[in-house]
Amino acid sequence: MAHTCVHWFRKGLRLHDNPALMAALRDCKELYPVFILDPHLHNNTCVGINRWRFLVGALKDLDCSLRGLNSRLFVVRGKPEEVFPELFDRWKVTKLTYEYDTEPYSLSRDKTVATLAKEHGVEVIYKISHTLYDTERIIEENSGKAPLTYNRMQVIVKTLGPPKRPVPAPTIEDMQGAMTPCSENHEKKYGIPTLEELGQDAAALGEEQFPGGEQEALRRLDKHMKRTGWVCSFEKPQTSPNSLSPSTTVLSPYVTFGCLSARTFWWRLAEVYQGKKHSSPPVSLHGQLLWREFFYTASVGISNFNKMEGNPVCTQVDWDTNPEYLAAWREARTGFPFIDAIMTQLRQEGWIHHLARHAVACFLTRGDLWISWEEGQKVFEELLLDGDWALNAGNWQWLSASAFFHQYFRVYSPVAFGKKTDKNGDYIKKYLPLLKKFPAEYIYEPWKAPRSVQQAAGCIVGKDYPQPIAKHEVISKKNIQRMKLAYAKRSGDSAESANKSPVKRQAVF
Ligand code: FAD
C-alpha cells in the first residue's frame, strides 16, 4: 500500500541522519513534512529572542532543503493533540513518523498523539537518532539504573561498541516520486513564522553569531574537522572560558536543535582521529559527546531530573529565596566583572563557554549567592541557544555539587578564575565597555581601585557600576559549611533509610 505520510519534525531539524524521515519515504505517495509551533514548548517565558531567531533560521533552512526534494515544510500552529486529528482527516494520513524524544513532556505528548493516530488508523514509526545510543539500552546494560559516574558510563558504552553510523540525507531518488501537495496559500497557512508573529522585537537583536540550520551546522562541522591538529589535541580543561572568540566548537546549538546529528559529529571525529595520536575521553571531543550521552541517560533513568525535590540523586539543600540576588545575577549586576561579563555575553549572544558556565553557576549556587540551581537552570533555558532539558539539569546539578560531583569545598573564585586565562581582562572590556578604561590591575576588582583611578576610568563603583554583591572570601567559606551540613544530613538520611530499607539506599546511590 502506498502511504500518505506525515513526518513530524520537532528536534532533529535536518535531513541527514534522519532514519524516521527515511522510514516515511518508504512506500510513500504523499509526504507532509510538519513542524508544530506548540504553545507548551514555544512560548516567550522559556524561549529568549536569540533562540527564536535560531529556530526560525533552522526552519527556513529545512524548508529550503525540502524544496530541493520537491517538497515543503508545513509549520502548523496549535497543540499537537488538537492539530493532529484534524491533519489526519484533512490529508487522509496513513503513516506518522518522528524522532524519539526522551524529555518527559515529549514522552507524554507523543503517547497522546500515538493514541490519536491509532484511533485514526495511522501507523506510527519512531526512530532513535537524537542520541548516540538508545539510552534505555545503556540503562538495561547497567542493571536497570542510569550510570552515575562517567567511568561507569564508559564501561557500559564499551560493551555496546561504537554508535550506529549515520544514514545519509535522502536524495530525489529516495523520494521515489512521493509528492507534497501544496496549495497556493501555503505561505499564509503553513509559512515559517517571522519574529514579529512570535511577539519578538527584531530591532532588539544583536549580530547573529550562530545562524540556525543544518547547512550552517555542516559547514561549521567541516570547518572544525579540517583543523586536524586542533581536533586531535583537544582537551576541554585547556580551553579558555574568556577568549574573545570561542575556544570550543559551538556546535551545541546545532546538536540541541538536531540541525547536526550527534552520530555524524561522532563519526567525523573518528575519521579525523584515524591513524593519528589523539586525546581521549573525558577531555577529548569524543569525550564531550559522551558527557552528553551520560546526562541524557541520567535524565531518562532518574525521576524528577530537573528538580531537587523528588530527585533521588540530588542532595537536598536549604537554598535561600532571594529575588534581588537572583535578578542581579541574571541582569549582570553582581559587581564582579568576570561574572557580569559572562552573563552579558549569554544575554547578547546566547552562548558561553563551558567553564564560564561553571563560574556563573557556582557563583549563583554554592559559591556565593546560595540560590537554588533550579533558578539558574530557568535562566539558562531561556537564554542559551543550546538550552537542553537534560544537559541543563544535569550540569546544574553537577556545578552546584548536588549530584555527580561532590567536591563542594572546591569553589571558583569570581576574581582569580578569569585571570588565569585573561590577565588583561580583554573579555571583560569587550562585554562591559563601561569598565574598559580600568587598568589590568583592577579590572577584576574595580572596587579596590583608588577613587582617582575610578575617576580617570570614567566609572565610579557604587554609582556607575555596582559594588560587589557579596564578600566572596567570607561568604564562600560560610557556604562550604552549609554544604557540609547538607551532605551530613544526606548521609544521615541514607543511613537511616538503610536501617529501614536497604533496597531504597541502593536505589539512591
Ligand atoms: P564542545 O566542547 O565543542 O563539545 C562538543 C559537544 O559536546 C557540544 O556541542 C555538546 O553537544 C557536547 N558537550 C560538551 N560538553 C558537555 C557537557 N558538559 N555536558 C553535555 N554535553 C556536552 N550544554 C548544552 O548543550 N545545553 C545546555 O542546556 C547546557 N547547559 C549547561 C549548564 C551548565 C550549568 C553547564 C556547566 C554546562 C551546560 N552545558 C549545556 C554543557 C556545555 O557547557 C556545553 O555543551 C558546551 O559548552 C557547548 O559548547 P561547544 O559546542 O563549543 O562544546
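A polar contact here is a pair of N or O atoms within 3.5 Å. With that cut-off in hand, let's work through some exercises on this predicted model.

**Exercise 1. Find which side chains make polar contacts with a nitrogen atom of the ligand.**

Step 1. Start at asparagine 392, where an N or O atom of the side chain is 3.3 Å from a nitrogen atom of the ligand. The limit is 3.5 Å, so this pair counts as a polar contact.

Step 2. Move on to glutamine 288, which has a polar side-chain atom 3.4 Å from a nitrogen atom of the ligand. This pair also falls within 3.5 Å.

Step 3. For comparison, look at the backbone of aspartate 388: one of its N or O atoms lies 3.0 Å from an oxygen atom of the ligand. The partner on the ligand is an oxygen atom in this case, and the protein atom belongs to the backbone.

Step 4. Now zoom out to the whole ligand. On its own it has 820 Å² of accessible area, and the protein covers 99% of that.

**Exercise 2. Describe the shell around the ligand: how many residues does it have, and which helix gives the largest share?**

Step 1. The shell has 30 residues, and the closest are Thr248, Thr249, Val250, His354 and Asp386.

Step 2. Sort the shell by class: 15 residues are nonpolar, 10 are polar and five are charged.

Step 3. Trace the helices. At least two shell residues come from each of H10 (252-256), H12 (285-301), H15 (354-367) and H17 (389-399).

Step 4. H12 gives the largest share, with six residues.

**Exercise 3. Say which pocket the ligand occupies, and then set out its lining beside that of the second largest pocket.**

Step 1. The ligand takes up the space of the largest pocket, whose volume is about 1,400 Å³.

Step 2. There are 47 lining residues; Lys236, Gln288, Trp291, His354 and Asn395 are the closest to the centre. Helix H6 (150-160), H10, H12, H15 and H17 are the elements that give two or more residues to this lining.

Step 3. The second largest pocket holds about 900 Å³ of space. Among its 36 lining residues, those closest to the centre are Leu41, Cys46, Arg51, Glu103 and Glu381.

Step 4. Put the classes side by side:

| Lining | Nonpolar | Polar | Charged |
|---|---|---|---|
| Largest pocket | 26 | 14 | seven |
| Second largest pocket | 15 | nine | 12 |

**Exercise 4. Work out how many cavities of 30 Å³ or more there are, and what lines the largest cavity.**

Step 1. The count is three.

Step 2. The largest cavity has a volume of about 80 Å³. Its lining includes Asn50, Arg53, Phe54 and Glu207.

Step 3. H2 and helix H14 (337-349) each supply at least two of the lining residues, and H2 has the largest share with three.

Step 4. The second largest cavity, of about 70 Å³, has Tyr100, Asp101 and Tyr296 among its lining residues.

**Exercise 5. Where does the backbone depart from the usual pattern at proline 282 and lysine 92?**

Step 1. Recall the usual pattern: most residues other than glycine have a negative phi, and most peptide bonds are trans.

Step 2. The bond joining proline 281 and proline 282 is cis, with omega about 5 degrees. Proline 282 is in the loop between helix H11 (262-273) and H12.

Step 3. Lysine 92 has a positive phi, near 55 degrees. Its place is the loop between helix H3 (80-91) and strand S4 (95-99).

How values were computed
Residues are numbered from 1 along each chain as its sequence is written. Side-chain values use heavy atoms; hydrogens and water are left out. A residue is near a molecule or strand if one of its heavy atoms lies within 4 Å of it. A polar contact is a pair of N or O atoms within 3.5 Å; within protein, one must be able to donate a hydrogen and the other to accept it, and residues adjacent in sequence count only if both atoms are side-chain atoms. Accessible areas come from the Shrake-Rupley method with a 1.4 Å probe; for residues, only the protein chains shown count as cover. On a 1 Å grid over the protein atoms alone, a cavity is a set of points where a 1.4 Å probe fits but cannot get out, and a pocket is an open set with protein on both sides within 12 Å along at least five of seven lines; lining residues have an atom within 4 Å of a point. A molecule sits in a cavity or pocket if more than half of its atoms lie within 2 Å of its grid points. Helices (H or I, at least four residues) and strands (E, at least two) are DSSP runs, numbered from the N terminus. Ala, Val, Leu, Ile, Met, Phe, Trp, Tyr, Cys and Pro count as nonpolar, Asp, Glu, Lys and Arg as charged, and the others, Gly among them, as polar. Grid points are joined across faces, edges and corners, and a volume is the space filled by probe spheres set on the points.
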